[in-house]
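The following exercises concern the fold of a single protein chain and are to be worked with the structure in view. Each task is followed by a solution in steps.

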Amino acid sequence: MCRSLPTLTVKEIARHVNLSLLGSKYYSGMQLKRQRGTLNLILQKNHQKRHLAEGAVMGEKIRKDSAEWKQQLTQNQYFVTRQKGTEPPFTGEYDDTETQGTYKCVCCGQPLFRSDTKFHSGSGWPSFYAPASEEAVESEADTSHGMRRTEVKCSRCDAHLGHVFDDGPQPTGMRYCINSVALELEED
Ligand SMILES: [Zn+2]
């Protein structure tokens, strides 16, 4: 999947690195030729770094069978995240929390929500108007229990987190209604 960068000619390097210096007296053609190996190395490294960074953001899906999840999670965590359960309202650890920090997935540790998007919805579940990043969560149509809702899942391990509704506050107008038990708050 990761395509390695071919070794570049001097001209190509000039195109990749925005070196206005290239034409200046500081970089004669000879100097550039001498440095071509070093520049190629730097470009290759940057290329690899970018791929690593993309990999870290996109991530590989984490897949475990139910026995493994059961071993790792408490009964409540398992019920909510792996069996699409819902904790009773006003019972969760983070319903009222205003502590600054990052809410991570209880199953895989991926950052999901930030405290600065949390608001008091009165629903009895922790509510956020946006995820920590666009890639952090995935949503899916959910027609269970005779309702038309949009399920919210962790994009990395498919943990069921809760649902998203369009009656939230600005700036997004969205309300991510999330089970406390699916989250773990890492304080700032
Ligand atoms: Zn997860």
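**Exercise 1. Describe the pairing of strand β1 with β2 and the hairpin that they form.**

Solution. The model is a predicted one. Strand β1 covers residues 101-105 and pairs with β2 in the antiparallel sense, over three bridges. Within this pairing, Y103 has F113 of β2 as its bridge partner. The two strands form a hairpin, with five residues between them. In the turn, G109 has a positive phi of about 80°.

**Exercise 2. Place this hairpin in its sheet, and state which strands are at the edges.**

Solution. The sheet is open and has three strands in the order β2-β1-β9, paired antiparallel. Its edge strands are β2 (111-114) and β9 (183-187), each of which pairs on one side only. On average, neighbouring strands of this sheet are turned by 35° against each other, direction ignored.

**Exercise 3. Determine the strand order of the six-stranded sheet, and explain why β3 and β5 each have a side without a neighbour.**

Solution. The six strands form an open sheet with antiparallel pairing, in the order β3-β4-β8-β7-β6-β5. β3 (118-119) and β5 (137-142) stand at the edges and have a single partner strand each, so one side of each is left without a neighbour in the sheet. Further inside that order, β7 and β8 pair over four bridges in the antiparallel sense. One residue pair to locate here is G162 with its bridge partner I178 in β8. The loop between β7 and β8 holds P171, and the peptide bond from Q170 to P171 is cis, with omega near 15°.

**Exercise 4. Identify the largest nonpolar core and the elements that contribute to it.**

Solution. The largest nonpolar core has 26 residues. Those with the most contacts inside it are L112, C154, L161, Y176, I178 and A182. Two or more residues come from each of β1, β2, β6 (149-154), β7 (160-165) and β8 (175-178). The most is given by β8, with three residues. For C154, leaving aside residues up to four places away in sequence, the residues touched are C105, C107, C108, Q110, L112, V137, A159 and L161.

**Exercise 5. Are K84 and D158 buried, exposed or partly exposed, and what is the sign of phi in each?**

Solution. A residue is buried at 20 or more other C-beta atoms within 10 Å, and exposed at 12 or fewer. K84 has 15 such atoms within 10 Å, so K84 is partly exposed. D158 has 18 C-beta neighbours inside 10 Å and therefore also counts as partly exposed. Phi is positive in K84, near 55°, and positive in D158, near 65°; neither residue is a glycine. K84 is in the loop between α4 (75-83) and β1, whereas D158 is in the loop between β6 and β7.

**Exercise 6. Summarise the whole chain and state where the confidence is below 50.**

Solution. The chain has four helices and nine strands. From the N terminus on, the elements run α-α-α-α-β-β-β-β-β-β-β-β-β. Of the 188 residues, 23% are buried. Among contacts with a separation of 6 or more, 56% join residues 24 or more positions apart. The average pLDDT is 83, and 69% of the residues score at least 70. Over residues 1-5 the pLDDT is below 50, and this stretch has four contacts beyond near neighbours in sequence. Residues 17-27 also stay under 50, with nine contacts beyond four places in sequence.

Terms used. Residues are numbered from 1 along each chain as its sequence is written. This is a predicted model: local features need pLDDT of at least 70, side-chain atom pairs count only at pLDDT 80 or more; totals for chains, interfaces and linings use all residues. Two strands pair if DSSP finds at least two bridges between them. Axes are lines fitted to C-alpha atoms, for helices over the stretch in contact, and angles run from 0 to 180 degrees between N-to-C directions. Two residues are in contact if their C-beta atoms, placed from the backbone, lie within 7 Å. pLDDT is the predictor's confidence in each residue, from 0 to 100. A nonpolar core is a set of buried Ala, Val, Leu, Ile, Met, Phe, Trp, Tyr and Cys residues joined through C-beta atoms within 7 Å.
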